[in-house]
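I opened my notebook to record what I looked up in this structure, one topic at a time.

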Amino acid sequence: MDSEAEGPQIIKVTPLQQMLASCTGAILTSLMVTPLDVVKIRLQAQSNPFHKGKCFVYSNGLMDHLCICEEEGNKAWYKKPGYFRGTLDAFLKIIRNEGIKSLWSGLPPTLVMAVPATVIYFTCYDQLTAVLRSKLGENESHIPIVAGIVARFGAVTVISPLELIRTKMQSKNFSYKELHQFVSKKVSEDGWISLWRGWAPTVLRDVPFSVSMPLHMSTWAIMKNIVAKNGFSGLFTGLIPHLIKIAPACAIMISTYEFGKAFFQKQNTRRQQYQ
């Protein structure tokens, strides 16, 4: 009688299975979306050449990364010569002249941060949602918001030091020994908290503040500066192209993640039935 009242038992997905599902989704999203951004950057470089020290935004579909031009010549992937008449023409010429692998140029270094951040966020979100619903009830409407905020804080907190280290390696061409010396010196002089500079602006999803510390400007000051120069609409510059890129990325990531969880849930159900 009691078992009938309780209804069918829901087989849960383990945290490890959630991590595998989100990792698969993150990698698949990067593979699908990165070529769009590589072509965009090549088109930008054609109309406005990237000089040494100039920055550009690179997106792998999971995160945006501020990259710094390293070389004056044409050795870097974003400086390779090519005359493109548009997006489709760029796709075809890059594949024909440089090989299909060139569509994923610059991807591996960004995955070092993007994949862990995505795995942490999705796994923490689901785990926190389950805990909060068990404590507050299934119908509490604020649970997804709270879980999402806490999970995002956790992901950014873990990734911020890696972003700082990646930026330093790229801008100064540090060896691993020099990088270790840099981190040790920074910690000894400014404390461990210095590795998380730029954390707050990253959470706010505004400018990549971690690579503009030398300006000693707060996020609020930067926002006021943008409004003063370009008006309030300046805060939303590039919104439409960003949405066009983000929409398919979110669709791929979320659908892959949910499919992965459904797959593992079926496996867990079968395993329990045979026990």
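The entries below go from the whole chain to a pair of helices and then to single residues.

**Ground rules.** I am working with a predicted model, in which local features need pLDDT of at least 70 and side-chain atom pairs count only at pLDDT 80 or more, whereas totals for chains, interfaces and linings use all residues. I number residues from 1 along each chain as its sequence is written, and side-chain values use heavy atoms, with hydrogens and water left out.

**Whole chain.** I looked up the secondary structure first and found nine helices and two strands in the protein chain, where helices (H or I, at least four residues) and strands (E, at least two) are DSSP runs, numbered from the N terminus. Read from the N terminus, their order is α-α-β-β-α-α-α-α-α-α-α. I then looked up burial: of the 275 residues in the protein chain, 35% are buried, with buried meaning under 20% relative accessible area, exposed over 50%, and partly exposed in between (1.4 Å probe, protein chains only). Taking contact to mean heavy atoms within 4.5 Å, I noted that, among contacts between residues at least 6 apart in sequence, 63% join residues at least 24 apart.

**Helix 2 and helix 4.** I looked up how helix 2 (residues 15-47) lies against helix 4 (residues 107-136), and their axes come within 8 Å and cross at roughly 140°; axes here are lines fitted to C-alpha atoms, for helices over the stretch in contact, and angles run from 0 to 180 degrees between N-to-C directions. The two helices are therefore oblique to each other, since angles under 35 degrees count as roughly parallel, over 145 as roughly antiparallel, 65 to 115 as roughly perpendicular and the rest as oblique. Residues on both sides make the contact, including Met19, Ala26 and Leu31 of helix 2 and Leu111, Val115 and Phe122 of helix 4.

**Thr256.** I wanted to know whether Thr256 is buried or exposed. Thr256 sits in helix 9 (residues 239-273), and it counts as buried because its relative accessibility is 14%. Leaving aside residues up to four places away in sequence, I found that Thr256 touches Thr24, Gly25 and Leu28.

**Val146.** I turned last to Val146, which is found in helix 5 (residues 143-172) and is partly exposed, because its relative accessible area is 40%. I also looked up its separation from Leu132: Val146 and Leu132 are 14 residues apart in sequence, and their C-alpha atoms are 9.1 Å apart in space.
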